[in-house]
Amino acid sequence: MPSDQHDSLLLRALRGESIKRRPVWMMRQAGRYLPEYRAIRATTDFLGLCRNPDLAAEVTIQPVDILGVDAAIIFSDILVIPEAMGMHLQMQQGKGGPQFPEPLRSSADLGKLSMGVTEDLTYVFDAIRETKRRLDGRVPVIGFAGAPLTLAAYMIEGGGSKTFNTFKSFLFAEPEVTHELLNMLAKELVSYLVGQAEAGANMLQLFDTWAGLLPEREYQEFGLRHASSVLSEVRRDLPDVPMLYFPKGVRSYEGVVESGASGFGIDWGTDLRRADQEIPKEFALQGNLDPAILLSSPEIIRERTLEMLGKIPSHRPYVANLGHGIDKETPVDHAQTFIQTVKEVPLSLSVS
Ligand code: CP3
């Protein structure tokens, strides 16, 4: 069945069809850099916001109204999966981000996790349905999840970290237990992503924020292998839904291109021209402006955005975006300059 957004700019671009300009959205586009987000966030805690379909839909649509982005990404978080599996999640404002006060440290800890938790995430599906109802066809809705490796990193480390040394040492010492956890996550992620598409998500993105944390061989074994099993199983159920994989910090796309994704988010550290050369032409690319450029000045943002667009040949399916999430200190007019610049460039002129 064709998606309700079959002819939207985003889905046309992802299929490599002719379009007049590149579609654009921003990772973390619903968030604290927007005063309108902060106003709603002040009324409730983070998880309360995720769990309230009316409020979640409202903040999901804010960047569509305020910035004119070409897609809405559903307001939620990658960590709602471990939370639904029974891990207590604390989202502390300004205290180093999300924390799991009781991280996983043994095989016995895995036994305490619940499986089959998709039905506990009905609030995400309800938020997608409410967002679609309010958008009334204006732009597609993007669903997402964290890849198994990235979720396991938080669940074992207990929160964000510069090194993730606790997670990494666990992985090296207990490879079998680590694989067991990754398999459990992969299983949950498949039905969660399929559920999001069934609720109306028109594209899915798998965030592997910590793909660059491990040596290449361990990334292939613990990261890519499990991300690929999620992507290929979702693909089996949903042959027509575009799925983008964002393996932040990977050193090579070899193997990554066989993951089952239809396209790849390119992080800000990667040269976009090299990604274009290494990734076969049938795959979509998305990215990769350094989010810190949005902290500079409108002139620099314009110049760097035009430079980015010029790196991609016109026949390559491509979605303009940042190379990671927007920074919370970003002035709104700077984000607007980025979006407007992409919108002003006709596709034929973006060819270098
Ligand atoms: O993109 C969007 O606008 C949709 C919403 C979204 C959030 N988190 C909301 C959020 C998405 C797609 C995410 C993904 C996410 N969450 C990732 C993968 C992408 C990436 O940035 O690497 C990761 C690693 C997380 C985990 C997470 N959640 C962290 C590290 C933090 C703290 C960082 C911060 O900015 O404070 C969160 C909290 C979070 N998730 C916030 C938002 C808007 C801020 C919380 C608040 O409003 O108090």
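The following exercises, each with a worked solution, concern a predicted model.

Residues are numbered from 1 along each chain as its sequence is written, and side-chain values use heavy atoms, with hydrogens and water left out. Because the model is predicted, local features need pLDDT of at least 70 and side-chain atom pairs count only at pLDDT 80 or more, whereas totals for chains, interfaces and linings use all residues.

**Exercise 1. The ligand and its shell**

Task: Determine which residues come nearest to the ligand, and how the residues of the shell divide into nonpolar, polar and charged.

Solution.
Step 1. A residue is near a molecule if one of its heavy atoms lies within 4 Å of it. There are 22 residues around the ligand, and Arg 32, Tyr 37, Asp 77, Thr 209 and His 324 come nearest.
Step 2. Ala, Val, Leu, Ile, Met, Phe, Trp, Tyr, Cys and Pro count as nonpolar, Asp, Glu, Lys and Arg as charged, and the others, Gly among them, as polar. On this basis the shell holds 13 nonpolar, 5 polar and 4 charged residues.

**Exercise 2. Polar contacts and burial of the ligand**

Task: State which atoms of Arg 28, Arg 32 and Arg 41 approach an oxygen atom of the ligand, and how much of the ligand the protein buries.

Solution.
Step 1. A polar contact is a pair of N or O atoms within 3.5 Å; within protein, one must be able to donate a hydrogen and the other to accept it, and residues adjacent in sequence count only if both atoms are side-chain atoms.
Step 2. Arg 28 contributes a polar backbone atom, 2.8 Å from a ligand oxygen. Arg 32 places a polar side-chain atom 2.4 Å from an oxygen of the ligand, and for a polar side-chain atom of Arg 41 the distance to a ligand oxygen is 2.8 Å.
Step 3. The ligand taken alone exposes 870 Å², of which the protein buries 88%; accessible areas come from the Shrake-Rupley method with a 1.4 Å probe, and for residues only the protein chains shown count as cover.

**Exercise 3. Two residues of one loop**

Task: For Gln 29 and Arg 28, decide whether each is buried or exposed.

Solution.
Step 1. Helices (H or I, at least four residues) and strands (E, at least two) are DSSP runs, numbered from the N terminus. Gln 29 lies in the loop between helix H1 (9-14) and helix H2 (35-41), and Arg 28 is likewise in the loop between H1 and H2.
Step 2. Buried means under 20% relative accessible area, exposed over 50%, and partly exposed in between (1.4 Å probe, protein chains only). Gln 29 counts as buried because its relative accessibility is 0%, while Arg 28, at 56%, is exposed.
Step 3. The side chain of Gln 29 reaches the backbone oxygen of Ala 71 at 2.9 Å. Arg 28 has a positive phi of about 65°, although it is not a glycine.

**Exercise 4. Further backbone features**

Task: Describe the phi of Phe 164 and the peptide bond that joins Gly 287 and Asn 288.

Solution.
Step 1. Phe 164, not a glycine, has a positive phi of about 55°. Phe 164 belongs to the loop between helix H8 (148-157) and helix H9 (165-173) and is buried, since its relative accessibility is 0%.
Step 2. The bond between Gly 287 and Asn 288 is cis, with omega about -5°. Asn 288 is part of strand E8 (residues 284-289).

**Exercise 5. Pairs separated in sequence**

Task: What C-alpha distances separate Ala 72 from Pro 140 and Leu 272 from Lys 311?

Solution.
Step 1. Ala 72, in strand E1 (residues 72-73), is buried at 0% relative accessible area. Its C-alpha atom is 6.4 Å from that of Pro 140, 68 residues apart along the chain.
Step 2. Leu 272, in helix H12 (residues 272-278), is buried at 1%. Leu 272 and Lys 311 are 39 residues apart in sequence, with 6.7 Å between their C-alpha atoms.
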